[in-house]
Amino acid sequence: MFRRLPVLAGATVLLFTTACGGGSAPRPGERTTQISDPADVDAQAAALLAEMSLEEKVGQLLVPVLSGTTAEENAEVIERYHPGGFIYFPENLETPEQVAAMSNGLQERATGTGAGIPLFLGVDEEQGLVSRLPFGARFPDAMALGAARDPELARELAAATAEQLAAVGINLDYAPVADVNVNADNPVIGIRSFSSDPELVGELAAAEVAAFQDGGVVAVAKHFPGHGDTDVDSHTGLPVIDKSRDEWERVDLPPFQRLVDAGVDMVMTAHVLMPQLGDAEEPATLSPHLITGVLREELGYDGVVTTDALNMEGVRQTHDDGEVAVRAVLAGADQLLMPPDVDLAYSAVLSAVEEGRISEERLDESVLRILRLKLRRGLFDAAPADAEQAAQVATQPEHHAAAQRVADASVTLLRNTNGVLPLARTATVHVLGVGAEEIGAALADLGLTVTDSLSGADAVVVGTDGARGDAEQQRLVARAQASGAPVVVVAQGTPYDLSVLPDVDAFLAVYSTMEVSRVAAARVVAGEVSPSGRLPVDIPGTELGFGDGLSY
């Protein structure tokens, strides 16, 4: 399935077997030279590069969105552009067997075409809110790990995720998020961030990176130089972060520096404008100062840099899509993720190289980084995904148990007036709001009586998610309070909801809308689990801050 590597002069030949059967009989037109020392990644990458055409080199920079659910639907893109990879989305993913077959087919087509370079097959599988797989264990969001304060749980999450991805042939995960969420109004990061504390973010992100890479899956730290202090979503506009270099170094830099020092495989840029960091005109994705100057020269990072999605409005404010692709390469990016027009991006970069605007030396730098990473992660001699094994991994009970452990450890009790929690197992409870069905079912499983009537309930549990900016959710809590029964709020987004719900009797933060988090909330409400989570952020408008939390 995967091509053989070119031989170095004077080397002893080592044969890589292929997934298509024997390794000794090449296909018609297949290059047959091989390399002697698989440990010499730099030499292998240089030998591969020497065999590639200009068009094949440019193709390695492209990471388009997949079409459909089969490899055949993407054959033309592979044959025409020789892309460096693809990114999966939910519309491409059905069952473990289907994804495994698609991954195998894509790799077979890529390695049988042009230079025969295997693909990065990537996905946004952060877990929690940003999760693409329709199968496998669903873990809580990153902020739940921040509340749990346990790097081992972060390793468990990433190891389970890596196993699920690798089983279906996905070899790259656009995770973890290394942003430090210090803005309560951040519309796009929030619970995707571990914490507002740079040290905690770095510790948990490093644990995930190590587990991903140990599991053979490329880890991607995002979004450099930091997306945690924005109040604009870069999908829809260009966030401007007007903070000083000193403040950036104190808050946003430490997690990225830690991951660079730890050897993270890939770093993703952010479509954010940070004028006080030295570039007042271009977002970080298009800034030579931030990518080449700061990330590469100051931080010492020589791994692969990928852009964030180039179809996002944050990077399309001042240039057309072809010029955006060219400027990203000139800035120092190696891979162009999700160009809105693949042909336009390919043609623009190719023309820029042919005209000398992008030197071939600059292009080779990026291609070498990509090839070295593909070699280090074993893409050239990887076995095809096994459909039966993929189906087994998707239902792995150990993964589901690990997800529940993370959720249980994250639950943070921030208010418990008059010791209203835990509720007695004989209590009658009315549950409403976000996640009411799952929370109610979990409470019933624990022996409490769940009633459809607000009247006469011993307590009312109200689920929220983003109530800080949602008047309707605030009114729902007020209606529950008007019943006269104690009100328990279960905040399933950020814990910032507490700032607009000052009078509730009890307040739990679980940082996720995943089922395991709702079950964990019910377990704490019923006293099955004692709350042990601690706030990973400060809550504006209250006296509660990082590290706060109650227990039974």
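This note sets out points on the strands, helices, aromatic pairs and backbone of a predicted model.

1. The parallel sheet. One open sheet is formed by six strands with parallel pairing, and their order is β2-β3-β4-β5-β6-β7. Its edges are taken by β2 (85-88) and β7 (304-306); each of these has a single partner strand, so one side of each is left without a neighbour in the sheet.

2. The pairing of β4 with β5. Within this sheet, strand β4 (residues 172-173) is joined to strand β5 (residues 218-224) by two bridges in the parallel sense. On β4, D173 stands opposite A219 of β5.

3. The mixed sheet. A further open sheet, also of six strands, has the order β9-β14-β13-β12-β10-β11, and its pairing is mixed. Here β9 (412-416) and β11 (449-450) are the edge strands; each pairs with a single partner, so one side of each is left without a neighbour in the sheet. The edge strand β11 runs parallel to strand β10 (residues 428-433), and two bridges join them. In one of these pairings, T428 has T449 of β11 as its bridge partner. Helix α17 (residues 471-482) packs on this sheet and touches β10, β12 (459-464) and β13 (487-491). The direction of α17 makes about 175° with that of β12.

4. Helices α6 and α15. Helix α6 (residues 151-167) packs with helix α15 (residues 397-410) at an angle of about 150°, and the axes are 10 Å apart. An angle over 145 degrees counts as roughly antiparallel, and α6 and α15 are therefore roughly antiparallel to each other. The crossing of α6 past α15 is left-handed. From α6 the contact draws on L153, E156, A160, E163 and Q164, and from α15 on H399, A402, R405, V406 and A409. Sorted by class, the residues of the contact of α6 with α15 are five nonpolar, two polar and three charged.

5. Helices α6 and α7. Helix α6 also packs with helix α7 (residues 198-214), at an angle of about 35° and with the axes 8 Å apart. The crossing of α6 and α7 is right-handed. On the α6 side, the contact is made by P151, A154, R155, L157, A158, A159, T161 and A162. On the α7 side, the residues are E203, L204, A207, E208, A211 and F212. The contact of α6 with α7 comprises 10 nonpolar, one polar and three charged residues.

6. Helices α11 and α12. The axes of helix α11 (residues 321-331) and helix α12 (residues 342-354) lie 8 Å apart, and the packing angle is about 55°. The two helices α11 and α12 are therefore oblique to each other. Their crossing is right-handed. In α11, the residues D321, G322, A325, V326 and V329 meet L344, A345, A348, V349 and A352 of α12. The contact of α11 with α12 consists of eight nonpolar residues, one polar and one charged.

7. Aromatic pairs. The structure contains three aromatic pairs. One of them involves F224 and W248, whose ring centres are 6.3 Å apart. The planes of F224 and W248 stand at 80°, and planes over 60 degrees apart count as edge-to-face, so this pair is edge-to-face. F224 belongs to strand β5 and W248 to helix α8 (residues 245-251), so the pair ties together parts that are 24 residues apart in sequence.

8. Cis peptide bonds. The bond from A175 to P176 is cis, with omega near 10°. P176 is located in the loop between β4 and α7. A cis peptide bond also joins L421 and P422, with omega about 0°. P422 is in the loop between β9 and β10.

9. A positive phi value. M338, a residue other than glycine, has a positive phi near 55°. M338 is placed in the loop between β8 (336-337) and α12.

Notes
Residues numbered from 1 in each chain as written. Predicted model: local features only at pLDDT ≥ 70, side-chain atom pairs only at ≥ 80, totals over all residues. Heavy atoms only, no water. Pairing = 2+ DSSP bridges. Helix = DSSP H or I, 4+ residues; strand = E, 2+ residues; numbered from the N terminus. Axes fitted to C-alpha atoms, helices over the stretch in contact; angles between N-to-C directions. Parallel < 35°, antiparallel > 145°, perpendicular 65-115°, else oblique. Left-handed = near helix turned anticlockwise from the far one by under 90°. Contact = heavy atoms within 4.5 Å. Nonpolar A, V, L, I, M, F, W, Y, C, P; charged D, E, K, R; others polar. Phe/Tyr/Trp six-rings, centres within 6.5 Å; stacked < 30°, edge-to-face > 60°.
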